[in-house]
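Subject: Handover of a structure, with findings

Dear colleague,

Please find below the structure that I am handing over to you. I would be grateful if you would look through it before reading the notes that come after it.

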Amino acid sequence: AVVVVNDIHETGELTSEEIRQLGRESLFLRADVSNRAEVQRMVEQADQRFGRIDILVNNAGIGTAAEHRRPIHEFDEAEWHRILNVDLNSLYYCCRAVSPGMVARRAGNIINIASVMGLVPIRRQIPYAAAKAGVINFSRSAALELGPFGIRVNAIAPGSTLTEGTRTLFYNPERKALAESLLSHIPLGRPATPEDIAPAALFLASPDASYITGAVITVDGGWTAGFARDW
């Protein structure tokens with residue numbers, strides 16, 4: 001595939017360069033996906049450069065920092081809108097911009113990154129839980145609407161994944177007890193790595209998944225299988 005990489009940070013260019021080093025063409029475009037005008041410009045630039053967009057992966061997501069997490073009766077309204085704008089509104093903006101071309105060609109593939117928190121509740125992060133639940137039903141609804149045009153729409157629900165952010169929040173020596181508490185809910189006993197999540201997206205993007213649409217694939221180490229209890 002030719003890969004267009006989008007990020008709000010210029011470090012996205014490093015990802016494009018890594019792809020080019022693997023022998024594939026890649027273009028970095030900088031856009032804030034919570035801004036509809038920037039999304040439209042990004043899609044137009046990709047279309048002008050490559051002629052069409054066959055696969056869209058909506059992967060942008062943010063959460064509330066630990067010190068700002070509150071129950072709903074204390075939760076900050078500005079923080080609610082900040083999370084929803086990035087984690088849910090961006091899906092609408094990106095899908096709305098890309099889908100007309102897919103409909104015209106009667107072919108396309110949309111992959112939305114949700115979370116286990118869209119399947120099970122969580123305390124003190126209500127906008128994140130609401131947004132990720134929205135991603136899941138957004139994906140199912142879009143699958144119903146776009147399926148007749150040959151367009152597949154699916155979601156992936158990762159569990160706790162080891163990234164720069166979660167390493168700071170959970171997986172560091174100073175927070176060992178917190179990490180152990182989190183991992184106690186995961187039957188495989190470890191967080192995911194980005195390399196654990198990527199193959200699910202690769203599968204959904206490939207012809208091997210040609211009859212899969214409206215699905216939610218959990219990649220969570222067994223988190224949502226249920227809590228293991230001895231009583």
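The notes below set out what was found, topic by topic.

Please bear in mind throughout that this is a predicted model.

Salt bridges

Seven salt bridges were counted in the model. Three of them are described here, each with its partners and their exposure.

Glutamate 17 is paired with arginine 20, and their closest N and O atoms are 3.2 Å apart. Both residues belong to helix α1, which covers residues 12-21; because they are three residues apart in that helix, about one helical turn separates them. Glutamate 17 has a relative accessible area of 32%, so it is classed as partly exposed. Arginine 20, with a relative accessible area of 30%, is likewise partly exposed.

Helix α3, residues 77-105, holds a pair of this kind as well. Arginine 82 forms a salt bridge with glutamate 79, with 2.9 Å between the closest N and O atoms. Since arginine 82 and glutamate 79 are three residues apart in helix α3, they too are separated by about one helical turn. What may interest you is the exposure of the two partners. Arginine 82 is partly exposed, its relative accessible area being 38%. Glutamate 79 has a relative accessibility of 11%, and because buried means under 20%, glutamate 79 counts as buried.

The third pair consists of aspartate 196 and arginine 190, whose closest N and O atoms lie 3.0 Å apart. Aspartate 196 is partly exposed at a relative accessible area of 28%, and arginine 190 is partly exposed at 41%. Elsewhere, salt bridges with shared partners link Glu13, Glu17 and Arg20 into one network. Glutamate 17 and arginine 20, described above as a pair, are thus members of that network.

The second largest pocket

What lines the second largest pocket? The residues are Tyr92, Cys95, Arg96, Ser99, Phe138, Ser141, Ala142, Glu145 and Leu146. Two elements, α3 and α4 (residues 126-146), each contribute two or more residues to this lining. Helix α4 provides the largest share, with five residues. By character, the lining divides into five nonpolar, two polar and two charged residues. The space in this pocket amounts to about 220 Å³.

A nonpolar patch on the surface

Ile72, Trp80 and Ile126 together make a nonpolar surface patch of about 280 Å². One of these residues, isoleucine 72, is located in the loop between β3 (55-58) and α3 (77-105). Its relative accessibility is 63%, and since exposed means over 50%, isoleucine 72 counts as exposed.

Two arginines with a positive phi

As general background, most residues other than glycine have a negative phi. Two arginines in this model should be viewed with that in mind.

Arginine 106 has a positive phi of about 55°, although it is not a glycine. Its place is the loop between α3 and β4 (108-113). Arginine 106 is exposed, because its relative accessible area is 51%.

Arginine 124, also not a glycine, has a positive phi of about 70°. Arginine 124 sits in the loop between β4 and α4. Its relative accessibility is 42%, and arginine 124 therefore counts as partly exposed.

Residues apart in sequence

Two further pairs of residues may help you to follow the path of the chain.

How many residues along the chain lie between the positions of aspartate 47 and glycine 101, and what separates their C-alpha atoms? They are 54 residues apart along the chain, while their C-alpha atoms are separated by 9.3 Å. Aspartate 47 is part of helix α2, residues 36-50. With 32% relative accessibility, aspartate 47 counts as partly exposed.

The other pair is serine 210 and glycine 150, which are 60 residues apart in sequence and 9.7 Å apart in space, taken from C-alpha to C-alpha. Serine 210 is in the loop between α7 (194-205) and β6 (216-219). Its relative accessibility of 53% means that serine 210 counts as exposed.

With kind regards

Methods:
Residues numbered from 1 in each chain as written. Predicted model: local features only at pLDDT ≥ 70, side-chain atom pairs only at ≥ 80, totals over all residues. Heavy atoms only, no water. Patch = residues over 30% accessible without salt bridge, like charges linked within 9 Å, V, L, I, M, F, W, Y side chains within 5 Å. Areas by Shrake-Rupley, 256 points an atom, 1.4 Å probe, with all protein chains shown as cover. Salt bridge = Lys/Arg side-chain N within 4 Å of Asp/Glu carboxyl O. Helix = DSSP H or I, 4+ residues; strand = E, 2+ residues; numbered from the N terminus. Buried < 20%, exposed > 50% of the residue type's maximum accessible area, 1.4 Å probe, protein only. 1 Å grid on protein atoms, 1.4 Å probe; cavity = no way out; pocket = protein on both sides within 12 Å on 5 of 7 lines; lining within 4 Å. Points joined across faces, edges and corners; volume = space filled by probe spheres on them. Nonpolar A, V, L, I, M, F, W, Y, C, P; charged D, E, K, R; others polar.
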